[in-house]
Amino acid sequence: MEVDADDELLQDAGDAAYPTLDRQPSYYNPLDTFKLAKGDQKHYQQQYGDLYFLRLAKLKPAVEALADEEWKDFEIAGEKVRRVDRVLDVRQGELCWVAGTVYMDMPLKPNILDDISKDHWIAAPPPREKFVSPTGQDQTMLEDESGRLRLIGTPLQLSMLVTGCIIAVMGTENANGDFEVVDMKVPDLPRQPQRWERDEASAVISNGTGSKRKSNGEQKRVEGGKIAIVSGLGISGDQGDTLTLDLLMEYLLGEACGPSEQTEVSKISRLIIAGNSITEGTPLALREEEKKASRKYGYDSSAYNPAPTTHFDNFLATLLPSIPVTLIPGETDPANVSMPQQPIHPAMFPRSRNYAAMPDAVEPGWFDSVTNPWEGDVDGWRLMGNGGQPIDDVFKYVEGDERLEMMESLLRWRCGAPTAPDTLWCYPFQDRDPFVIEECPHVYFVGNQPRYDTVVIEGPVGQLVRLICVPKFKETGEIVLLDTDTLETELVKFDVFENNS
């Protein structure tokens with residue numbers, strides 16, 4: 001029986017020429033805003049209260065300028081409002097406005113005295129999902145270096161407020177000593193840099209002249225690129241991780257799709273991993289004789305499970321020859337717990353670290369392990385993002401679960417982590433508050449959120465910011481693609497078919 005040559009399984013390759021696809025180049029210029037000093041230059045003996053005064057000193061002029069412009073001609077019943085410099089200068093019955101730091105007095109917030117008394121507990125109470133009191137015992141305070149004032153009024157109920165944000169309030173003090181708020185202002189979005197502004201400024205400086213001569217990188221810029229953002233990989237080293245991660249890896253490498261889809265995948269110029277790449281520690285089970293053996297200081301190296309980091313390293317090492325990766329640590333990753341989290345140590349990635357920059361290098365490497373929070377310029381746009389801890393902590397202060405509204409509030413407060421150090425652990429800064437947002441980003445993304453969501457918000461002078469809630473990949477199988485031309489987003493979902501019949 002003769003078989004048609006076209007139907008044969010094994011055939012000659014032929015002389016047909018197949019086009020090769022090159023991945024879109026990534027123009028990457030990160031910032032070191034959240035990097036801490038190393039070694040003996042990093043101290044924890046100082047007080048945390050200085051951080052709030054640094055934040056107030058930085059943001060008070062901005063909110064006062066906005067309030068003065070809005071309220072300078074405001075009057076009620078013939079009485080004109082006047083500015084008060086300090087909280088304790090407020091006088092009863094006088095219409096005035098003052099700026100300060102919000103403090104939320106909430107009985108359900110964590111208490112250091114409770115932590116000290118843990119030794120007397122039979123079992124520690126479970127962590128609270130919300131700090132909001134169901135009986136209405138929460139109080140809103142406004143404080144500065146002089147003292148504290150309790151705020152009441154309808155505007156407070158209509159606005160989202162948490163400890164650490166800087167606001168200006170207008171109203172009068174009543175007979176009970178409470179300040180009845182009539183109106184309220186926040187610093188709002190800061191100045192937003194133009195696209196490619198920082199790259200062009202660097203090119204001018206490097207040229208050594210005053211002329212804006214374009215560098216080779218600017219002349220070769222290609223349009224139509226995309227940035228892939230994923231979070232919550234949750235790698236545990238189990239076999240259950242393998243299939244969905246392999247699908248993601250093959251998609252990014254262009255191995256799981258046809259020619260038309262490969263063309264689109266080749267436009268993905270960079271992968272950003274936004275926290276929780278590794279699941280929480282799962283120590284190895286010990287044998288009975290090992291459990292009885294005494295361990296110095298309670299440390300047991302035999303219980304350490306290297307499988308999650310090894311699996312994650314292999315995942316990165318497979319992707320890195322094809323696509324650059326920016327790695328942001330998260331709550332469950334092997335990095336310091338307090339904010340800002342420092343880059344995951346390259347020793348955790350024996351294979352992937354070959355693609356990282358040398359310790360003293362000026363230019364970033366193909367594999368860039370960064371801080372959490374992080375900000376930088378990608379394809380000319382200013383991106384800012386974190387692993388989710390600041391938003392998850394703000395969630396405990398407010399009713400509801402509107403994550404985009406929380407993200408918008410953080411930007412309008414000009415503070416990336418307002419609840420630090422009150423209920424969010426952070427480093428005790430003494431000379432600056434890196435969480436103060438000095439330049440408005442074009443894209444603000446937050447990882448490890450319950451679901452994907454996005455919106456564009458507008459500032460007072462036309463600033464436009466794309467907000468992105470990045471879902472947990474382990475739970476949803478979803479990644480976000482950001483178009484670098486339009487800043488529009490696209491959701492890609494990976495799922496495994498299960499035949500239960």
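I start with helix α11, whose buried residues are Arg403, Leu404, Met406, Met407, Ser409, Leu410, Leu411, Arg412 and Trp413. Buried here means under 20% relative accessible area, exposed means over 50%, and partly exposed is in between, with a 1.4 Å probe and protein chains only. That is nine of the 11 residues in α11, and the helix is mostly covered.

Before going on, the ground rules. This is a predicted model, in which local features need pLDDT of at least 70 and side-chain atom pairs count only at pLDDT 80 or more, while totals for chains, interfaces and linings use all residues. Residues are numbered from 1 along each chain as its sequence is written, and side-chain values use heavy atoms, with hydrogens and water left out. Helices (H or I, at least four residues) and strands (E, at least two) are DSSP runs, numbered from the N terminus.

What do the buried residues of α11 pack against? They pack against α1 (49–71), β15, α10, β16, β17 and β18, where contact means heavy atoms within 4.5 Å. The helix lies across β15 (381–386), β16, β17 and β18, and runs at about 135° to β18. For angles, axes are lines fitted to C-alpha atoms, for helices over the stretch in contact, and values run from 0 to 180 degrees between N-to-C directions. Just after α11 comes Arg414, with a positive phi near 60°.

Now the sheet under that helix. It is an open sheet of six strands in the order β1-β14-β15-β16-β18-β17, and the pairing is mixed. At its edges stand β1 (28–30) and β17 (453–458); each has a single partner strand, so one side of each is left without a neighbour in the sheet. From one strand to the next, the twist averages 20°. Two strands count as paired if DSSP finds at least two bridges between them.

At the β17 edge, β17 and β18 run antiparallel and are joined by six bridges. Val455 has Leu467 of β18 as its bridge partner, and Ile457 stands opposite Val465 in β18. The two strands form a hairpin with five residues between them, and Gly462 in the turn has a positive phi of about 90°.

One residue of β18 is worth a look on the screen: Val470. Is Val470 buried or exposed? Val470 is buried, at a relative accessible area of 0%. Leaving out residues up to four places away in sequence, Val470 touches Ile229, Val230, Ser231, Phe445, Val446, Gly447, Asn448, Gln449 and Val480. Val230 is 240 residues from Val470 along the chain, yet their C-alpha atoms are separated by 6.7 Å.

Next, the cores. A nonpolar core is a set of buried Ala, Val, Leu, Ile, Met, Phe, Trp, Tyr and Cys residues joined through side-chain atoms within 4.5 Å. The largest one has 45 residues, and those with the most contacts inside it are Ile167, Val169, Leu411 and Tyr444. Elements giving two or more residues to this core include β5 (96–105), β8 (166–173), α10 (389–395) and α11 (403–413). Its largest share, six residues, comes from α11. Apart from this core lies another, of 31 residues, including Leu271, Leu320, Leu327 and Phe473.

Leu327 takes us to β12, residues 325–328, which is covered on both faces: Val325 and Leu327 on one side, Thr326 and Ile328 on the other, all buried. Strand β11 (residues 268–274) runs parallel to β12, with four bridges joining them; there Ala274 has Ile328 as its bridge partner. β12 also pairs in the parallel sense with β13 (residues 367–369), over three bridges, and Thr326 stands opposite Asp368 of β13.

On cysteines, how many disulfides does the structure hold? Zero, taking a disulfide as a pair of cysteine sulfur atoms within 2.5 Å. For Cys165, the closest cysteine sulfur is in Cys415 at 8.4 Å, too far for a bond. Cys165 is buried, with a relative accessible area of 1%, and Cys440 is buried too, at 0%.

Last, the totals. The chain has 12 helices and 20 strands, and buried residues make up 47% of its 501 residues. Of the contacts with a separation of 6 or more, 73% are between residues 24 or more positions apart.
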